[in-house]
Amino acid sequence: MAHIDNTAFTTATATSGAAHVDGAVLMNLGLRAALGRDGAVDLVAAHMYFNLADRRGAEGAAAHRQEVACDMSKGEIATALRAARKWLTLH
């Protein structure tokens with residue numbers, strides 16, 4: 001399985017390739033974060049990735065985002081939404 005270095009997507013650069021990330025990749029990142037595949041479960045990151053995946057047209061992303069949101073506080077959801085907006089402005 002390929003390893004996706006999502007740290008490369010935190011800054012706006014022409015070489016990061018973030019502008020070309022499709023909904024399926026974002027959906028996969030959301031699932032990994034929601035399931036704790038790379039360590040601890042990170043619902044804020046999962047919500048952010050599902051939100052971005054939904055914007056890129058990934059089927060089922062909105063439903064996953066809603067499911068994750070059920071286990072999050074309002075503050076966590078606000079943090080995830082801010083992170084998604086920041087990601088979009090950088091890319």
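**Exercise 1. Describe the overall make-up of the chain and the share of it that is buried.**

The chain has four helices and zero strands, and read along the sequence it follows the pattern α-α-α-α. The model is a predicted one, and this should be kept in mind throughout. Turning to burial, 33% of the 91 residues of the chain count as buried. As for how the chain contacts itself, among contacts with a separation of 6 or more, 58% are between residues 24 or more positions apart.

**Exercise 2. Check whether the span of helix 1 agrees or disagrees with its number of residues, then work out what covers its buried residues.**

Step 1. Helix 1 comprises residues 23–35, which is 13 residues, and at 1.5 Å a residue it should span 18 Å. Its end C-alpha atoms are 18 Å apart, so the expected and the computed span agree.

Step 2. The buried residues of helix 1 are Gly23, Leu26, Met27, Leu29, Gly30, Arg32 and Ala33. For reading such a list, it helps to recall that an α-helix has 3.6 residues a turn, so residues three or four places apart point the same way.

Step 3. The cover over these buried residues includes helix 2 (43–55), helix 3 (61–69) and helix 4 (74–90).

Step 4. Just beyond the helix, Gly36 follows helix 1 and has a positive phi, near 70°.

**Exercise 3. Find the salt bridges of the structure and state how exposed or buried the residues Asp38, Arg65 and Asp54 are.**

Step 1. Side chains of opposite charge can pair when their charged atoms come close. A search of the whole structure finds two salt bridges.

Step 2. One of them joins the side chains of Asp38 and Arg32, with an N to O distance of 2.7 Å. Asp38 has a relative accessible area of 61%, and because exposed means over 50%, this residue counts as exposed. Arg32, by contrast, is listed among the buried residues of helix 1.

Step 3. Another joins the side chains of Arg65 and Asp54, at 3.2 Å from N to O. This pair links distant parts of the chain, with Arg65 in helix 3 and Asp54 in helix 2, eleven residues apart. Arg65 has a relative accessibility of 17% and therefore counts as buried, the limit being under 20%, while Asp54, with a relative accessible area of 31%, is partly exposed.

**Exercise 4. Classify how helix 2 packs against helix 3 and against helix 4, and name the residues that make each contact.**

Step 1. The axes of helix 2 and helix 3 come within 8 Å and cross at roughly 155°. Because angles over 145 degrees count as roughly antiparallel, helix 2 is roughly antiparallel to helix 3. The crossing of these two helices is left-handed.

Step 2. On the helix 2 side of this contact stand Leu43, Ala46, His47, Phe50, Asn51, Ala53 and Asp54, which meet Ala61, Ala62, His64, Arg65, Val68 and Ala69 of helix 3.

Step 3. Helix 2 and helix 4 pack with their axes 8 Å apart, at an angle of about 50°, and they are therefore oblique to each other. Helix 2 passes helix 4 in a right-handed crossing. The contact is made by Val44, His47, Met48, Asn51, Leu52 and Arg55 of helix 2, together with Glu76, Ile77, Thr79, Ala80, Leu81, Ala83, Ala84, Trp87 and Leu88 of helix 4.

**Exercise 5. Decide whether His47, Asn51 and Ala62 are buried or partly exposed, and place each among its surroundings.**

Step 1. His47 is found in helix 2 and is buried, with a relative accessible area of 5%. Not counting residues up to four places away in sequence, His47 touches Arg65, Val68, Ala69, Met72, Ile77, Ala80 and Leu81.

Step 2. Asn51 also lies in helix 2, and its relative accessible area of 15% makes it buried. Leaving aside neighbours within four places in sequence, Asn51 is in contact with Arg65, Leu81 and Ala84.

Step 3. Ala62 lies in helix 3 and is partly exposed, with a relative accessible area of 26%. In sequence Ala62 and Leu52 are ten residues apart, and in space their C-alpha atoms are 9.5 Å apart.

Key. Residues numbered from 1 in each chain as written. Predicted model: local features only at pLDDT ≥ 70, side-chain atom pairs only at ≥ 80, totals over all residues. Heavy atoms only, no water. Expected span 1.5 Å × (residues − 1). Buried < 20%, exposed > 50% of the residue type's maximum accessible area, 1.4 Å probe, protein only. Contact = heavy atoms within 4.5 Å. Salt bridge = Lys/Arg side-chain N within 4 Å of Asp/Glu carboxyl O. Axes fitted to C-alpha atoms, helices over the stretch in contact; angles between N-to-C directions. Parallel < 35°, antiparallel > 145°, perpendicular 65-115°, else oblique. Left-handed = near helix turned anticlockwise from the far one by under 90°.
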